[in-house]
Amino acid sequence: MGNRVGVVASGQAEFGIRSEVDVREIAAESFVEAIGSEGNLDRGDIEFASVGSHGAGVYFEECLPAPLICEYLGLNPIGAQRVEAACATGMSAVHVIYALIKSGYIDVGMALGVEKMTEVPTLDMVDFIGRPGSYLWEFESFGPTFPGYYGIYATAHMDRFGTTEEDYARVAVKNHKYGSMNDKAFLDKEIDVETALNSDMIAYPHRLYFCCPINDGSACVVMASEDKARELSEDPVWIGGLGSGTSSVNLSNRGSFVGIESAQVAARQAYDMAGIGPEDIDVSCLHDSFTSAEIMAYEDVGFCEKGGGKELIREGQTYVGGDYPVNLCGGLKAKGHPIGATGVSMIHELNKQLKGEVKSSRQASIDNGYALAHNVGGTGHYAYVTVLER
C-alpha cells in the first residue's frame, strides 16, 4: 500500500469581474471542470471539503461558504470547513486536505478556493485588505494600504541591492505576456516596460502595473490517497513536499525587509520533505501580489542568492526556456488574485504544467518532474510552499 497523496483532478473558473454569477455559481465552474477532467471520478467519491475564503460575509454576502457550496454542488452530507489564511487561504485549504488524507481520516478530499471581491466599492476593498496586519498599531494609527506595506520591502530591496523600478516593470511585462496566453486570466493584454513605468503611482515604488488586480474567481483541486489516486486517475501528480511558516504580525518586530522569513522557512521544509533542492524545480508559481514580491520570492525559495533576483528577470531566466520559469499562467499580477482561490489555482496550474496540458507557448520544459507553489498571506504573516512531482 502506498502512502503518497496525489492530485487527481483540478479546475479553475475564469478570473475577472464576474458580476453575472454569485459565489455558489463561480465555485461550481471550477468544480465542474475538475470533476469532468477525470472519467473515473464522481462527486460521490469526495468525503470532505476544505473551502478557502478570506472575505466571506465581508467581501460578499454569504457568511458560511463551505456548507452553502457543498449543498449547491450536491455534496451534502459530507464534512466541510472554511479555512482562512489571508492571501494564502487557498494553499491552506490544500494543506488541510493533504493532512486529512495522510492521516487516514479520508481517502478523497476537495480543496476549493473562492472569492467574490467586486461586489463592494474599490476603496472599501482597499480598506479591508489593509487591515490584515497589526490593526491597532499599524492600520488604525498610520493607515497604510497593502501597496504601502509591500512598498516598505520594495524600497529596502532597492536600497540594499540596487534593484530598480525598471526591474519591477520587467516582472509586470513577463506576467502580462503569459496572462495574454491564458484563457482564464483576468488581464489578457501584453504591456511594455514604458507602459508599466508610466502608469499611475499607487505607493512608491508601486505603480498601477506593479500591483495585482481586485477580482473574482474560484479554483478546485481533488486529492486522494495513493491507492485511490491510481484508481481514479491514470496520471496523478503527487504532492512531494509541504512547508509552512509565520512571521511577526507587527512589522516593527521584523528584523529585515528584503525578504519574507516565513516563506524562507516554508521553502526549506518543502525541499527537505521532497528530498530535492531549488535546482530541481522545472516550473513554479510564486506569490506576485506586487512585482517587487516576485523578485523577493526568487530569493526566498532559493532560485538565487539574496539580492540576485533582479538578475534573473534582467536575463530572462524566469521566462519559458530560462533556468526557472515563473508564473507562466500570468501570476497574481495578470491572471488575477481572488484571494481565497489563488493558492488552489496555483496547484491547478502546476498540475497542468507537469502533465504538459497548457498551451505550448507557455508550457515549461518538464525535465526533472518537479514544480513549486509559493503562496504568502499578509506580508508574510502566513506562508505555504508546496512541491509537486510526477
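## Exercises on pockets, cores and loops

In this predicted model, the largest share of the lining of the largest pocket comes from α4, which gives 3 residues. Let's work outwards from there.

**Exercise 1. Describe the largest pocket: how much space lies in it, and what lines it?**

Step 1. Start with the volume: the space in this pocket comes to about 620 Å³.

Step 2. Now look at the wall. The lining holds 26 residues, and those nearest the centre are L208, C211, C212, P213 and I214.

Step 3. Look for elements that give two or more residues to this lining: they are α4 (122–130) and α6 (146–161).

Step 4. Sort the lining by chemistry. You get 18 nonpolar, 5 polar and 3 charged residues.

**Exercise 2. Do the same sorting for the second largest pocket: how many lining residues are nonpolar, polar and charged?**

Step 1. Here about 240 Å³ of space is found. The pocket has 16 lining residues, with N182, K184, H348, V358 and R362 closest to the centre.

Step 2. Find the main contributor. Helix α14 (residues 339–355) supplies the largest share of this lining, 4 residues.

Step 3. Count by type: the lining of the second largest pocket has 3 nonpolar, 4 polar and 9 charged residues.

**Exercise 3. Find the two domains, then work out where the largest nonpolar core lies.**

Step 1. Get the bounds. The domain assignment gives domain 1 as 5–120 + 217–237 and domain 2 as 133–209 + 239–389.

Step 2. Check the spacing and the contact. The C-alpha centres of the two domains are 23 Å apart, and the contact takes 42 residues from domain 1 and 37 residues from domain 2.

Step 3. Turn to the core itself. It has 55 residues, and F31, I46, M110 and L112 touch the most other members. Helix α1 (residues 23–36) gives the largest share of this core, 7 residues.

Step 4. Put it together. Domain 1 and domain 2 both give residues to this core, so the core lies between them.

Step 5. Zoom in on one member, M110. Leaving out residues up to four places away in sequence, M110 touches F31, I46, F48, A49, S50, L73, L75, I97, C220, V221 and V222.

Step 6. Don't stop at one core! There is a second, separate core of 39 residues, and V5, Y98, V344 and L388 are among its members.

**Exercise 4. Which residues do the cis peptide bonds at P77 and P205 join, and where do these prolines sit?**

Step 1. Take P77. A cis bond joins N76 and P77, with omega about 10 degrees. P77 sits in the loop between α2 (65–72) and β3 (79–83).

Step 2. Take P205. The bond from Y204 to P205 is cis too, and omega is near 0 degrees. You'll find P205 in the loop between β5 (201–203) and β6 (206–207).

**Exercise 5. A86 and N327 have positive phi values without being glycine. Is each one buried or exposed?**

Step 1. Locate A86, whose phi is near 55 degrees. A86 lies in the loop between β3 and α3 (89–102).

Step 2. Apply the cut-off: buried means under 20% relative accessible area. A86 has 6% relative accessibility, so A86 counts as buried.

Step 3. Repeat for N327, with phi about 55 degrees. N327 is in the loop between α12 (309–314) and α13 (331–334). The relative accessible area of N327 is 1%, so N327 is buried.

**Exercise 6. Two more loop residues, T379 and F303: what does each one touch?**

Step 1. T379 is in the loop between β10 (370–377) and β11 (382–389). At 1% relative accessibility, T379 counts as buried.

Step 2. List the partners of T379, skipping neighbours within four places in sequence: F146, Y149, Y150, Y153, L251, R254 and I260.

Step 3. Now F303, in the loop between α11 (291–300) and α12. F303 is buried, with a relative accessible area of 6%.

Step 4. List what F303 touches, not counting residues up to four places away in sequence: Y271, P278, I281, S284, L286, Y298, L312, Y324 and V326.

Step 5. Finish with a distance. F303 and D159 are 144 residues apart in sequence, and their C-alpha atoms are 21 Å apart in space.

Terms used. Residues are numbered from 1 along each chain as its sequence is written. This is a predicted model: local features need pLDDT of at least 70, side-chain atom pairs count only at pLDDT 80 or more; totals for chains, interfaces and linings use all residues. Side-chain values use heavy atoms; hydrogens and water are left out. A nonpolar core is a set of buried Ala, Val, Leu, Ile, Met, Phe, Trp, Tyr and Cys residues joined through side-chain atoms within 4.5 Å. Buried means under 20% relative accessible area, exposed over 50%, partly exposed in between (1.4 Å probe, protein chains only). Domain bounds come from an automatic or database domain assignment. Contact means heavy atoms within 4.5 Å. On a 1 Å grid over the protein atoms alone, a cavity is a set of points where a 1.4 Å probe fits but cannot get out, and a pocket is an open set with protein on both sides within 12 Å along at least five of seven lines; lining residues have an atom within 4 Å of a point. Grid points are joined across faces, edges and corners, and a volume is the space filled by probe spheres set on the points. Ala, Val, Leu, Ile, Met, Phe, Trp, Tyr, Cys and Pro count as nonpolar, Asp, Glu, Lys and Arg as charged, and the others, Gly among them, as polar.
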